[in-house]
Amino acid sequence: MKNNKNLYILITVFLVLVVIAYLLTTERGARTTTFKLEEKLFVIDSASVDKLEIDRNGKKVVLQKTGGKWNLTSPVNYSAMDKFVNDAIYTIKNYKIASKVSDNPSNKDKFGFNDTNATRVAVFQGGVLAGQFIVGSAGPGNAQAYLKKTEGNEILLAEDFVWSYVVKTDLDEWRDKLIVSIPKNSVKSIEFVSKDDRFTVSSDSLGKFFIGKDSVSGALDGVLNLLQNYNTQFFKDTVLAGAGNPEYLVRVEHKNATELKFYKYVDTETVKRYLLQVSGMLQIFEMDENYVKQIFKTRKELLGKN
């Protein structure tokens, strides 16, 4: 009887040891996910990246580096914001995978992986695809975002990933918004033309500006300052052939001559918008009336008679 009791004790001890060994040697749950994750989805050399393809909400831009300068090559050919592209590459190079969040397909919308919010990114080095991934929503912490591969359901949380560096809700944000940059001291004259008036502001040998013999007010300083760094609000990918006479025209004489023609585009009680055509440029720009009036001034405004 005593021997049977000892046998039961030994069996019990053995089973307990087996359970303990199993618990100590088996990786389970989130622990396995954390320690077996790769640091990145793929590795890039930022100096070698020469193209990005970015798809969001049914629209796509292609950014390509040529001669050290970034340009859009699709949907239009246009200069890109170098800083924005370089910021995106920096984030793609330096982020780290922190954890696996889910592999349940029903959770995709929860983390921003739907047709409206997801952003597909493809990175090329030397013209060859280096890798691609999908960005969902921004993460709960600072510089975090949810990422996933283009295949499969695994959703990952990335750290040191600045969501806004890679995701632009409006893909036009990748474009360089600068329209003209005319140094203030190079301006010789500005002609203002509208249906109501036509006049020219000219500078003398001392750099002072006059309309005829009348000196102009400080309102011209705002125009000159704006011309040094005149940016658009929006882009319009269209042509203005046969548009007729512009509502407003500003002709700037400097080392060259630059014409800005403003065509009324939308005219309602609440919304007034204009299309801008600039001499020597194919791109058409779009802006609201208040923005136009910052650069187009009437004779009375410039003479300080309002």
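**Ser102 and the cores**

Student: Which backbone nitrogen does the side chain of Ser102 reach at 3.0 Å?
Tutor: This is a predicted model, where local features need pLDDT of at least 70, side-chain atom pairs count only at pLDDT 80 or more, and totals for chains, interfaces and linings use all residues. Residues are numbered from 1 along each chain as its sequence is written, and side-chain values use heavy atoms, with hydrogens and water left out. At 3.0 Å, the partner of the Ser102 side chain is the backbone nitrogen of Asn104.

Student: Is Ser102 buried or exposed?
Tutor: Ser102 sits in strand β5, residues 96-102 (strands are DSSP E runs of at least two residues, helices H or I runs of at least four, numbered from the N terminus). Buried means under 20% relative accessible area, exposed over 50%, partly exposed in between, with a 1.4 Å probe and protein chains only. Ser102 has a relative accessible area of 9%, so Ser102 is buried.

Student: Which residues touch the most other members of the largest nonpolar core?
Tutor: A nonpolar core is a set of buried Ala, Val, Leu, Ile, Met, Phe, Trp, Tyr and Cys residues joined through side-chain atoms within 4.5 Å. This one has 36 residues, and the ones touching the most other members are Ile190, Tyr230 and Phe262.

Student: Which helix gives the most to this core?
Tutor: The chain has seven helices to pick from, alongside 20 strands. The top contributor spans residues 219-228 and gives five residues: helix α5.

Student: How many residues are in the second, separate core?
Tutor: Look for Ile92, Tyr95, Ile97 and Ala145, which are included in it. The count for that core is 30 residues.

Conventions: A polar contact is a pair of N or O atoms within 3.5 Å; within protein, one must be able to donate a hydrogen and the other to accept it, and residues adjacent in sequence count only if both atoms are side-chain atoms.
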